[in-house]
Every structure is written in structure tokens, then in C-alpha cells.
Amino acid sequence: MTQPAAPPLVRDRDVRALVAALSLDEKVRLLTGRTTWRMHELPGIGLRSLTMSDGPVGVRGLGEIPGETSALFPSPSAVSATWDARTAFEVGQAFAQEARAHGVDVVLAPQVNIQRTPVGGRHFECYSEDPLLTSIIGSQVVRGIQDLGVAACVKHYIANDSETDRTEYISTLSTQALREVYLAPFESAVEAGVWSVMAAYNRVDDGVETSLMTEHQGLVIGLLKDELGFDGVVVSDWMATRSTQASALGGLDVIMPGPGGPWEQALVDAVRGGAVPEDVVDDKVARILVLARRVGALEGSEPGHGNVAPDGIAIAELITRVAVQSTVVLARDEASPVWDRPAPRRIALIGPNAVRPHVLGGGSSTVHPAHVVSPAEGLVARFPDADLVVRRGGDSRRFAPEIDLPELTAAADGSLVEARLHAADGSLLETRRLAAWDGWMRDLGDEIATVVVRVEVLLEQPGTHHLEVATVGGFRIDIDGSTVAQQAGSAGVEVILDSSINNPAGYGADVEITEPRIVVVESTHDVIRAGGYGAIIRAGIRHRPPGSDLDTEIAEAVSAAGTADLSVVIVGTNEEVESEGWDRADLQLPGRQNELVERVLDADPDAVIVVNAGAPVVLPWLERARTVLWVWFPGQEMGHALAAILAGDLEPSGRLPWTLPANETDVPVRDALPGTDRRVHYLDGIHVGYRGWEKLGRVPAAAFGSGLGWSTWEYTDVDEPRWSADGGLEVAVTLSNTGTRDARETVQIYLEPPAGAAIERPVRWLAGFTGVDVAAGESRRVVVPVPRRAFEAWDATQERWTLVPGSYRLAIGRSARDIRLDSAVQVEFPDAH
């Protein structure tokens, strides 16, 4: 580990001079956001406004340009499923290119929290259940972003691994678990030189201090800044800061969003009153100025390392490649591989996620791509001579889809929505006729108390139409002349923090249509005052047209499969299931999707089953299906990626970054619900994820690290392990591609501890991995590095890392369970760090 860097205020004379030139008011102003995504500028010292944007799956932008679009990348779990550091670096570079195009200085990514339980709401937004894999992939994303002069903001520090009551719970864990598992990715990011870190909503009890992470002196100042030497900016999660003095003294540097919050004038008063020393404020300002210089926001500075992609990054090509490379083959038809079959003349594309694929998870990571390549579009482009039949096989969502207002609007002037803005006394302040509608109105201002949203739609198809308005807070909804729902009461920032505003419940009615007519939907909404998020309303208009019942849709899908040369069934989760703000209740596919798969397999045993989900779901038909692909939330190029896989153009070489259960009851940590004391007890300790499975002796449906790809492999030899100069180990493995096509293999090395180790160790843990491309019929010798830290444990009694001596087994193979070779190594280093 490198020596910790001195704080900017200590080491940087130029920064000290700039800080000294500022008044207390100017310094404090800089510490709270100017808007939701902008910080204050200080023209007197040549500082422009620093900008931030959410970024785990793409850089959304600042919300200042109506209709702004962004590239949508595969989810972080998908990036981790590549098990490829170079790919992670390229994704980071692409994020930086997108950030520059959107005027963004700080990308709020990567998220390196650990996938402690498969029901975690943001599971898809994290990389892995393993700290080493998370560390390697996350730190490479950091390096890629910052390589082009944009700041990465690694989040959420720390032990913020579930969503239920996320602003209130107390993560309670041992120092050994904290150090070995949950800190590891943050430590790796600091070693990679990350420029900012986000403090989480939750409290942490590490056995020494119990505090909000925006106030935790021990973990923010003592550990992150002093011990690890982090010299960047600690920014709050949005609306997370609740105190003035405690947060100022706890190591937090920036409060977001703004304006408002507990600093501003209150912090000025605290400094003048002696409660907060001014040099504490000076340290915060110095860190911000160093960040500004790194991203080119300070006069005379150039962004970062000055690196640029010479010809730009081909974003769509990269997204397609990552989507393919991350796809995990869970089952493979050995007799008739899908990629080796004759070109299909008739393709049946089946499933709820075939018609409406879920290409990203819900919540703050949402971006809006200009276009998403659907599975149908991708298959038509790749198999232009085939007859494509699409059958949904039933809707898996509880809520109706968003209405197609451009298609159905009946307004004479062609507008989509009429919005009437009223004051608290009921007087009409303004009427707006809107040509675009995304279900939101923002920045409404203090004088507006209620907004009436009116749409006129022409419904022509005979039958029962369902119309509803998705909203939160106080409202009244009228459909076709009748009041169908109303609710009193105000809403505030809590609907942002629990994410209920992103995918709210709908309130509506069925409308019978016998001949074409205009139907009016009118809803009245109390304005939500959401702190730094501003004054907003939420009014999503949804519409479910007449259609077949579920039984009929499934029967139609089965019939299509029975006459197809190639059946592709896409099942999965959706925005109602996987999202920021809440944890999942179970691991089941929603709706009747399992029944759909079983019945399609009855009709076509060769059907390819595609799972479009970010986090584990139970697949009761997995052993029956001949070909199963896990495609994650694959981003905007989903259709092209899937078609390339099915045609054999590219190999799906992904490996699971987590464990796939066969039964929910086998999962070691089935939930992370806080108790009555608001505590989430990390009773699994260091035995997180597959480590817990190994400790309990349970057998999953697919082990951590699993993935078949399109070829077969033989591991033939392992050399005597050799110690390297940095204290790590090098393990050389010889393997052969015994299949008929070129392919990629990921060689994985797991350690098993010495008998009677003095400090608790897992049964088996990932110690190193390397990916290698090998031509069909060829052999390669692959060297896998194992870092010294793999042999170390955190000694809580001595409060330090220590080497655990003894004889270790090196288990070498294709997953945590598929071990092909083994070796041993004796650790007898002097116990010094």
C-alpha cells in the first residue's frame, strides 16, 4: 500500500493562498450546492461552478436541457460479470466522454457496496458479493473515468448494502468484517486515486462509534482521510445531512443538493461562535479547490491527466461488446448449440421482457437513451430472411404502461398536456400547453400550490381500456367525468429518498369504448416541496388497451414456439421489482413467467431461455432447459447483443459475480430488515455471499464465478507457485480450449485457510483471477497474480493487518465450486506490515 498523501491544505501552497484570499462567508457558501447538481462558483479566484451527475449506468446530465438523452450502459453487475479489468477501464473512459459531452465534472459512480443479500434493492447497481472482484472492477472504472479528467465519486461509504429504511438503519458489524469485506473496495478506490467519495444515508456502529456516515469522525476522518490518505472531497448523499456542528466536525466536505440544508448561515455562526474551528472549513475548501483543479474548473488548470481518446470512443460498439461479454451461459445445448444451428426461417420471440425489456434498474441511476434496440429489432437486423413472430405470453407488471400521448392525443392544437398552475388561494397563475410530457413538472417555485394536469385522448379500439394517473402526495383524479380517487396530505423529500415517486402506484378506472370517442383525464396535484430537489409534481399517465387475457396470451406464445425453428423466451424482472428505495420481498420472477417457460419448453425443448434481470431470481426450470442465458440489464444495445450471441458472431463469456440460489430458503442472508432497534446486524461477518454458502454447506443452482461460454476447457497443469517482490504470489496454470471455436476463459484461484488459523477465516475465498483468449484446440499458460492481502486478516485485538501463517490450499478452477486443479503454499513471512 502506498504512503497516505498529505491533506491538500498542508501540501499545496497555491491552494493555501487561494483559501486565505476568501472570506468566511465565501468559504462556507462553497460547501453547499447551488442547485441539485451544481456547486457555487467563486469568480474572484477563477473558480467556475463544479457540476455533478448520477452515473452508475450512464451520465444523465444536469437536468437543464429538456429532452436530454444519454448513452445507457449495461448495469454494474454486468460489467463485473466480464471479470475483465480492461473492460471496466474502458467503461470508465466512456463515462468520462459522456460526462464531458453533458458538461459534467463529477460522475457519481462507481457504487462499490457489497451485494450482501440478493434481495437488496440496488443489488444490480453494485458489482459483486465478493470484495476482491468489486475492488478490481470498481477501481478500474475509477481509473477510466479520471484518466480523461473527470472525477469519479465512489459510493456509498460505508456498509450501505440494503434499501429498507435506508436513511434510518444502523449497520452493526465487527471491525474485521468492516475491514476485510466492506472497506476493501473503498480502500482500493483510494489507492487508485479517486477524487471524491459519497457519504451514505445510514448510521454505522463499528464497535467504537455509532454515527450517521455524514458525521462519523472515526470512519471518515480517522480511517478514510487519515489512515488511507484520501485527499479528495467527501460529499453527502442527496439530503443525507442532518446536523451543522456534528457533520462539519465529522469529515463531510460538501452538502448536496442545495440551496438549503444545515450549513450555510448556521455553519458561519458555528465558526464565529467557536463551535467549529475555521481551519476545519479551510480543509474542506482546499479539497474542493484541488478537485476543481483536477477537472479543469479552476482558472489556469487543465482536466486531470490531460488524456483524451484520440478518435473518440465508439459508445454503441462498446455497449454491445460489454453486453455480450457479460452474458452468462447457465446452460448450453451440447448436442445442438444455438450458435451452430442452420439459419432460422421462423423465429418465435416470446415473453414479457421480449416485448418490453428491462434495460436498466429503477431509481437515481436512470438515464434516458435516445434509442433502445429491442430484441425484435436486433433479431430482424441479424436474421433479415427469417419470419419473426412476437408473443408476449402475459404481462408481468402490476402497473399499466405509460400512455402513448403523441399517438392518442385529441387536443386540437396537437399539444399533449394542459397544465394549470394555481396559487394557494385557488387563483389561476398560468396555463401551459406542453408538447412533451414525461410525467413530471419541476422547478415550480414557491408561489405555486397546486397543478391541474389535463389530457384528452382519442380511444378508438372497442373494449375495456384502463386509464390511471401515477402520483404521490395530495391529489384528486377525474377520469371520463368522474372522480375516481383523491387523497389529502402533503408529501416532502421522503418520496425522493424512498424512491416511491419514481414508480408510484396508479389510481384510475376502466373505460368502455364501443365507438371512437374522446376521454378526458384530469388530475389535481398538491406541489411537493422536496428540499434541494425543488418544488415538483408527479403525474404519470398510464394506459392499458383492450387485449387478450393471460391464459390466452400464454397459449398463443406456446403455439408460436411449437412452429418455430428458433424460440427465444425472454423473462425477467422490471422497474417494479428492482429499484433504489426498496428491497425485494422474494426472489421470484413476477407474474406467471415460470409457467410460461415450462409450457414453451413442452412445445419446443430447444427453446433458448433468456433471463433479463439484475439480481438473482429462482429458476425452477433451469435443469430442464437446454440453453439459458443471463443477460442482466444490458443497456441500450440489448437487441444487437442478443442477436450476435444467438448467431455465434460473438461469445458470451460472462461469469457470475454472485451466487444463484436454487431455493430461497438456502440463501445465507435472506433479508436485511432493520429490527425494532433500527439495527441491521451483519451476523454473517466475513462470510458474505458464496463464503456463507460454503460455510453452511449448501448447494446453489449456480456457484459464484460460474459461466459456460460457448466452448469447453481442460486444465492440465499448475506450476509451483512463486512469491513476487511485492509479497504476493504468482500462480501459472496451463489450460486448453478443447472446443471447436475460439473462446475466452476466466481462471479463478481460491484460497482455503491453514488448519487451526488463529484468526477466523472463510472456508474458501477468491484470491485472484485472469481472463485469457485461446484459439480452438490451442493451449495457454496463464499467470494469475494473488496479492499479499489475500493471506492477511484483520486482527481486531491488535487493530492491524497480519499475515496468517500456515499451509494454504490453492483451489484453481472455473468457479467457486468447479475446481480443476489444486496446489499448496506455505506462508512463513515475518509478521510485519
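Axes here are lines fitted to C-alpha atoms, for helices over the stretch in contact, and angles run from 0 to 180 degrees between N-to-C directions. Helices (H or I, at least four residues) and strands (E, at least two) are DSSP runs numbered from the N terminus. The model is predicted: local features need pLDDT of at least 70, side-chain atom pairs count only at pLDDT 80 or more, and totals for chains, interfaces and linings use all residues. Residues are numbered from 1 along each chain as its sequence is written, and side-chain values use heavy atoms, with hydrogens and water left out.

**Stop 1: helices H7 and H8**

Select helix H7 (residues 175-182) and helix H8 (residues 184-191), which pack at about 50 degrees with their axes 5 Å apart. That angle makes H7 oblique to H8 (under 35 degrees is roughly parallel, over 145 roughly antiparallel, 65 to 115 roughly perpendicular, and the rest oblique). Arg-179, Glu-180, Val-181 and Tyr-182 of H7 meet Ala-184, Pro-185 and Phe-186 of H8, where contact means heavy atoms within 4.5 Å.

Now show H7 alone: 7 of its 8 residues are buried, so H7 is largely enclosed by the rest of the structure. Buried means under 20% relative accessible area, exposed over 50%, and partly exposed in between (1.4 Å probe, protein chains only). The buried residues of H7 pack against several elements, including helix H6 (131-147), H9 and strand S34 (792-795).

**Stop 2: the parallel sheet**

Helix H9 (residues 217-227) leads to the sheet, lying across S3, strand S5 (196-199) and S8 and running at about 140 degrees to S3. The sheet is open, with 5 strands in the order S1-S2-S3-S5-S8 and parallel pairing; two strands pair if DSSP finds at least two bridges between them. Its edges are strand S1 (52-54) and strand S8 (233-236), each pairing on one side only. The twist averages 30 degrees from one strand to the next.

Zoom in on strand S2 (residues 106-108) and strand S3 (residues 151-157), joined by 2 bridges. Val-107 has Ala-152 of S3 as its bridge partner.

Follow S3 onward to two cis peptide bonds. One runs from Lys-155 to His-156, with omega near -5 degrees, and His-156 lies in S3. The other runs from Tyr-157 to Ile-158, with omega near 5 degrees; Ile-158 is in the loop between S3 and strand S4 (170-172). Most residues other than glycine have a negative phi, and most peptide bonds are trans.

**Stop 3: the nonpolar cores**

Keep Tyr-157 and Ile-158 selected and add Leu-267 and Phe-791: these have the most contacts inside the largest nonpolar core, of 149 residues. Such a core is a set of buried Ala, Val, Leu, Ile, Met, Phe, Trp, Tyr and Cys residues joined through side-chain atoms within 4.5 Å. Helix H12 (residues 278-295) gives the most to this core, with 9 residues.

**Stop 4: strand S31**

Select strand S31 (residues 743-752), where 10 of the 10 residues are buried, so S31 is largely enclosed by the rest of the structure. S31 is joined by 9 bridges to strand S32 (residues 765-774), running antiparallel, with Leu-751 partnered by Trp-765. Strand S36 (residues 806-813) also pairs with S31 in the antiparallel sense, over 5 bridges, and there Ile-749 has Ile-812 as its partner.

**Stop 5: two positive phi values**

Asp-443 has phi near 55 degrees and, at 65% relative accessibility, counts as exposed. Ser-499 has phi near 65 degrees but counts as buried at 1% relative accessibility.
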